[in-house]
Amino acid sequence: MSAPRVIALAYDRLCTFEFACAVELFSLHRPELNVEWYRFQVCAIEAGKLRAVGGILVEAPYSLRRLDQLQRGDIIVIPGWRDIEEIPPEMLLKKIRAAYARGVRFCTICSGIFVLAAAGILDDRKVTTHWRYAEKLRLTYPSLQVEADDLYVDDGQIISSAGSAAGLDMLLYLVRKDYGVKIANQVAQRLVIPPHREGGQAQFIPRPIAEDERGRLSQLLDWIRAHPARDHSLSTLAKRAAMSERTLQRQFQQLTNTTPKEWIARERVALAKELLESSSTSLARIVELTGFGSEETFRRQFKRITATSPLAYRKQFFGS
């Protein structure tokens, strides 16, 4: 079977960064991977040179007719949309509906989800978008299940991401689905970004936290990540952050949308997943490195957060 075809849509007033995410992931030649990589093309939804953010002009080689060639498993990337108040051209919506009926997959970045919503193919589906647009999306399309806290949402044929850089998270996730964790990790290394980010966009939504408190809490999070094996009690963390325990809990909730205990558990599981994917380190050693205290606690927390066991996870992803 040949590699999936990927078409990124270009339009006037193009979102340059979101478009560049698709170009970076799908269009570069990657001989080091030793796989047949995606076949990438760009289609314009309107004729002529297209303006892009930053004063750039884009001239796409293909028109919307190219979408008619896509089949099940191929991908259309919608890199944002120029105005969430503007209904996209009917010809584009018609092509999207036809491609969806043929089993073509869709990836939207940031406001790009509004294009699929306008096409009417999202009823009762789970989706996400930039946190600034989430409420507008809910109000305009009430049949959608908007997961506003997520960096990206996979609902089968439709994968949507939050704002801008979350598009890279989503597209790396797609690579992982199509080619496996080993290839996705190699692509992430070339991009110099993490292969997977834990948490959601709630941690990026502005909160009324004083700058000195935000700085102290950010430094604390970095310190916890660097020392996962330590016994991080609320009292010791509050002392290190120079806050009261009550203040620490409140600021932690505002910044990360979770409790210190839960955030630490998820960070430890994230580290455990990396070790399970990339090494043959024993479970006992992983427990020691991640600070879970016992294998029983480790197994219980890992399954609660990932919905699978450590051994099953290793079997699925190690060396793949």
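This is a short tour of a predicted model, stop by stop, with what to select and what you will find there.

**Before you start**

Residues are numbered from 1 along each chain as its sequence is written, and side-chain values use heavy atoms, with hydrogens and water left out. Because the model is predicted, local features need pLDDT of at least 70 and side-chain atom pairs count only at pLDDT 80 or more, while totals for chains, interfaces and linings use all residues.

Colour by pLDDT, the predictor's confidence in each residue, from 0 to 100. The chain has a mean of 89, and 93% of its residues reach 70 or more. Now select 202–212: pLDDT is below 50 there, and beyond near neighbours in sequence the stretch has 19 contacts in the model (contact means heavy atoms within 4.5 Å). Where pLDDT is low, the predicted coordinates should not be read in detail.

**Stop 1: D74**

Select D74, in the loop between β4 (56–58) and β5 (75–79). Helices (H or I, at least four residues) and strands (E, at least two) are DSSP runs, numbered from the N terminus. Is D74 buried or exposed? It is buried, with a relative accessible area of 6%. On this tour, buried means under 20% relative accessible area, exposed over 50%, and partly exposed in between (1.4 Å probe, protein chains only).

Follow the D74 side chain and you arrive at the backbone nitrogen of Q71, 2.9 Å away. That is a polar contact: a pair of N or O atoms within 3.5 Å where, within protein, one must be able to donate a hydrogen and the other to accept it, and residues adjacent in sequence count only if both atoms are side-chain atoms. Show the surroundings too: leaving aside neighbours within four places in sequence, D74 is in contact with P4, R5, Q69, V104 and R105.

**Stop 2: R105 and D178**

Stay with R105, since D74 touches it. R105 forms a salt bridge with D178, the closest N and O atoms being 3.0 Å apart. The pair links distant parts of the chain, with D178 in helix α5 (residues 166–179) and R105 in strand β6 (residues 105–109), 73 residues apart. R105 counts as buried at 17% relative accessibility, whereas D178 is partly exposed at 29%.

A salt bridge here is a side-chain nitrogen of Lys or Arg within 4 Å of a carboxyl oxygen of Asp or Glu. By this rule the count comes to 20 salt bridges.

**Stop 3: R13 and its partners**

Jump to R13, in the loop between β1 (5–10) and α1 (16–26). Check the backbone: phi of R13 is near 65 degrees, a positive value in a residue other than glycine. Most residues other than glycine have a negative phi. R13 is partly exposed, at 37% relative accessibility.

Its side chain meets that of E86 in a salt bridge (3.9 Å, N to O). E86 sits in the loop between β5 and α2 (90–101), 73 residues from R13, and is partly exposed at 27%. Add E46 and R82 to the selection: salt bridges that share partners join R13, E46, R82 and E86 into one network.

**Stop 4: around α1 and α6**

Pick L25, in helix α1. L25 counts as buried, at 0% relative accessibility. Beyond neighbours within four places in sequence, its contacts are R30, W37, L168, L171, L172, V175, V187 and L191.

Next, show E32 and R190, whose side chains meet in a salt bridge (3.0 Å, N to O). This one spans 158 residues, from E32 in the loop between α1 and β2 (39–44) to R190 in helix α6 (residues 181–191). Both ends are partly exposed, E32 at 39% and R190 at 40%.

**Stop 5: residues 218–316**

UniProt, in an unreviewed entry, lists 218–316 as "domain: HTH araC/xylS-type"; its positions are given in the numbering used here, feature names are shortened, and annotations may be inferred rather than shown by experiment. The span is 76% helix and 0% strand, with its end C-alpha atoms 34 Å apart.

Select A242 in the loop between α8 (234–241) and α9 (245–256). A242 has a positive phi, near 60 degrees, in a residue other than glycine, and counts as exposed at 55% relative accessibility.

Finish on α11 (residues 283–290), where the buried residues are L283, I286, V287 and T290. Looking down the axis, these fall within an arc of 105 degrees, so they line one face of the helix (the arc is that of the directions from the helix axis to the C-beta atoms). They pack against α10 (260–278), α12 (295–306) and α13 (310–317). Just after α11, G291 takes a positive phi of about 80 degrees.
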